[in-house]
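The following exercises are to be worked with the sequence and the coordinates at hand. Each task is followed by a stepwise solution.

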Amino acid sequence: MSEVHAQTVAYVRDTMIPQEAPPPTEAGAIKWLRENLFSSWLNAILTVVSLYVIYWVVSHVAGWMLFGIWDAGSLSECREVRDATYGEGASVACWAVLTDRWDQLMFGFYPSELYWRPVLALVLFLVAIAPVLYDSLPRKMLWFTAASPFVLFFLLWGGTIWGPLAVAAGFAIGWAVLRFATPVIGDLGGIVAAFVVPILYWFFAVGPIAGALGNAIPIGIEFVPSDDFGGFMLAFVIGIAGIILSLPLGILLALGRQSDLFIINKFSVIFIEVIRGVPLIVWLFTASLLLNYFLPPGTNFDLMLRVIIMVTLFSAAYLAEVVRGGLAALPRGQYEGADSLGLDYWQSMRLIILPQALKISIPGIVSTFIGLFKDTTLVVFIGLLDPIGLSNAIRATTDWNGIYWELFIFIGLCFFVCCYAMSQYSQWLERKLRTDHR
Amino acid sequence: MATITDPPSEGFRLSQLIYDTRYRSLTIQVVASIFIMLGIAFLFMNVVTNLQALGKDFDFGFLGNRAGYDINQRLIEYSNNSTHGRAAMVGILNTLLVAFLGCIVATVLGIFAGVMRLSKNWLVAKLMAVYVEGFRNIPLLLWILVIFAVMTESAPQPRDFRGEDASASMILFDSVAVTNRGIFVPAPIWGPNSGILVAVFLLSLVAIWAFRRYAHKRQEETGEILPVFWISLGLFFVPSILAYFVLGQPVSLRYPELAGFNFEGGIQLRNSLIALWFALSLYTGAFIAEIVRAGILAISKGQTEAAYALGLRPNRTMSLVILPQALRVIIPPLISQYLNLTKNSSLAIAVGYMDVRSTLGGITINQTGRELEGMLLLGCFYLATSLIISGAMNVYNNSVKLKER
């Protein structure tokens, strides 16, 4: 062929032409703009509309936020500063409310000389949770994680040190029973005893023991009642306690719902559906109005504890449905494989089924946790002073009467940071645990 | 050689109840049911003793008593002489109203944001991501309060509309007034013969449905495609408009007018309703956007490519191949979002919207002191709503389930 052409074509190039840069419309920023913003008429219009929206928002908000006043003692003082600096009636934010009421927004009415305790508790919590979140950290740290609930409780509420210690001793007793009584009374008896003995101990022995030790050797720090908790500290305490308690309960409920045992199955179904069918706010009102009806006459316990219990039950029911989805998504062969290895129910769940099912349900679990943390704001309706409750209280004072946006923006930003961090962590975890080879 | 070995025919021993898997489940269930019953009996006995100690009884008779409080927004006739039962009914209708309005707007917003977030336009996709993440990560309660504050603090007062040099003006051809007391929209006045107009409109809807069925059947049989969209559009508008003029314009609008210190004559959408409605819609819309996005992404690219290979155009690919499959993924979580929206409407308490929690679960309880009965009824209402909706969802799920062998 080429020989034919050699005679018919007047000119044949015999050297390569030097490589040239791509045309300007096909490279760099222009190419990116053409492809991503102006690929068609519709896209161009959309881009222009979006640009206008962004311009409108920025032009209205940016100056207001950036030129905000940070140093004033009240809204009227803030306005005086504004008039002096920017002229009469300029529209600028008054961030001074945050600096003025920072302690209150963070700690509520916690005694100010004891602020180091919640701060230390937060640091210790981060240390305790780190080995759970990142498995590259030394496993020895998990011992501190196990002890941390008692340490955190002691730091936040204070009081005598013997209460948390006596409760923690219950776990040691349970372990000791399991370790030393099992050879004597057999496996099943050992397990039952390991549950029953600590429960009896917690019900009947903890109070007297802690009381006696507290009288004999009074070690402790100042007691702070739950009524003084408020602000983001309250949201964190309720949220974190709810998250940690609801996960195991939710998994148990999901297993119950998948169970072949009729009674357990039906009980789980009814529990989950009833809890999920009714809004959290109704449950919170139930906790604050009705709980006394269901308890023996004369018992009365902390409103905050009731809220934590209600929030835990509520999010456990949602978690149960998420985990059930994960359990149902596992191929049948995994269950059968576990059975054929001769594992019993709990072994197969612990070693084979749950690790996979929980991995599948990570996104759902974390979004339930995010929902729980956001729902902590609802406690304002039963009289606890969460950030939103405090913003109402701050607005009710004469100093800051009429201030809205600054507080809302600050509270919203704090929640956004926490929730967004949680969702980013879950995406990271998902990527890390992904085992399919794509 | 196959031999059937009989199980050893020893007698039943008590230890089999624990160690034999055939009987162990029975033991566990008996023990569990004993514990559950003991727990229920414990709670029940406590309620009985506590009620006795307080001198109360368990009686729903209070629902027939005079309520004695006013409800500022009502869909059915109600005055403070009506009964508590009637007040609860008004509350239930208000809950359903805001849930219904919220579901519609949330769906529209959610589909829009979900599709836009998949757009090839970088800027639009990022804007929608900001919207979705912003609303998903900030508590709903805060959004309700923010929108309520925008309405009450930033909207003009009715008196700003007064005079020649008014600082505020009505929008949409002087028909809608946005004030800090709520949004005033025109109210329809149903004149004589308006029933016929409504009937014509409903008939035209039936006609559209029938025509679509016919067109579908005809396409199945002959392969001929009728211009369904344009004929439907015509059927939707033409008969109603014709009837409207033939009957002599039976329905007219009454525009809100400034009278005294407030607007009169239109329908007042109170700030509480607006704030709750918009906040619920925006919040749930963000969740629906993610559901829609996930649904579209769940359809593998091969489906689109196969449809193109068959020669289908992009819009028909979307409507005939992608959407029917995506809807199977989208609908169940969508309905559970509707349920969430309905339950979240109980946050009406933040802005004083008179939903069922505020009437039955709020003022009625405070006035009669019937916490137990009131909360029970309230819980049953929400429970019944969600069970009915999730029951309907199960029926739907079964009908669209992939028929596998």
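**Exercise 1: Thr160(A) and its surroundings**

With a relative accessibility of 36%, Thr160(A) counts as partly exposed, because that class lies between the cut-offs of 20% and 50%. The model under study is predicted.

Task: Determine which secondary-structure element holds Thr160(A), and which residues Thr160(A) touches beyond four places away in sequence.

Solution.
1. Thr160(A) belongs to strand 1 of chain A, which covers residues 159–160.
2. Leaving aside residues up to four places away in sequence, the contacts of Thr160(A) are Phe154(A), Gly214(A), Ile219(A) and Gly220(A).
3. A polar atom of the Thr160(A) side chain lies 3.1 Å from the backbone nitrogen of Trp162(A).
4. Ile221(A) is 61 residues from Thr160(A) along the chain, yet their C-alpha atoms are 6.5 Å apart.

**Exercise 2: Domains of chain A**

Task: State how chain A is divided into domains, and what distance separates the centres of domain 1 and domain 3 of chain A.

Solution.
1. The division of chain A gives domain 1 (23–66), domain 2 (68–100), domain 3 (160–221) and domain 4 (227–433).
2. Taken over C-alpha atoms, the centres of domain 1 and domain 3 of chain A are separated by 65 Å.

**Exercise 3: Ser386(B)**

Task: Decide whether Ser386(B) is buried or exposed, and identify which residues Ser386(B) touches beyond four places away in sequence.

Solution.
1. Ser386(B) lies in helix 12 of chain B, residues 371–400.
2. The relative accessible area of Ser386(B) is 6%, which is under 20%, so Ser386(B) is buried.
3. Apart from residues up to four places away in sequence, Ser386(B) touches Leu339(B) and Gly277(A).

Note on methods. Residues numbered from 1 in each chain as written. Chains lettered and ligands numbered in written order. Predicted model: local features only at pLDDT ≥ 70, side-chain atom pairs only at ≥ 80, totals over all residues. Heavy atoms only, no water. Helix = DSSP H or I, 4+ residues; strand = E, 2+ residues; numbered from the N terminus. Buried < 20%, exposed > 50% of the residue type's maximum accessible area, 1.4 Å probe, protein only. Contact = heavy atoms within 4.5 Å. Polar contact = N/O pair within 3.5 Å; in protein donor to acceptor, adjacent residues only side chain to side chain. Domains from an automatic or database assignment.
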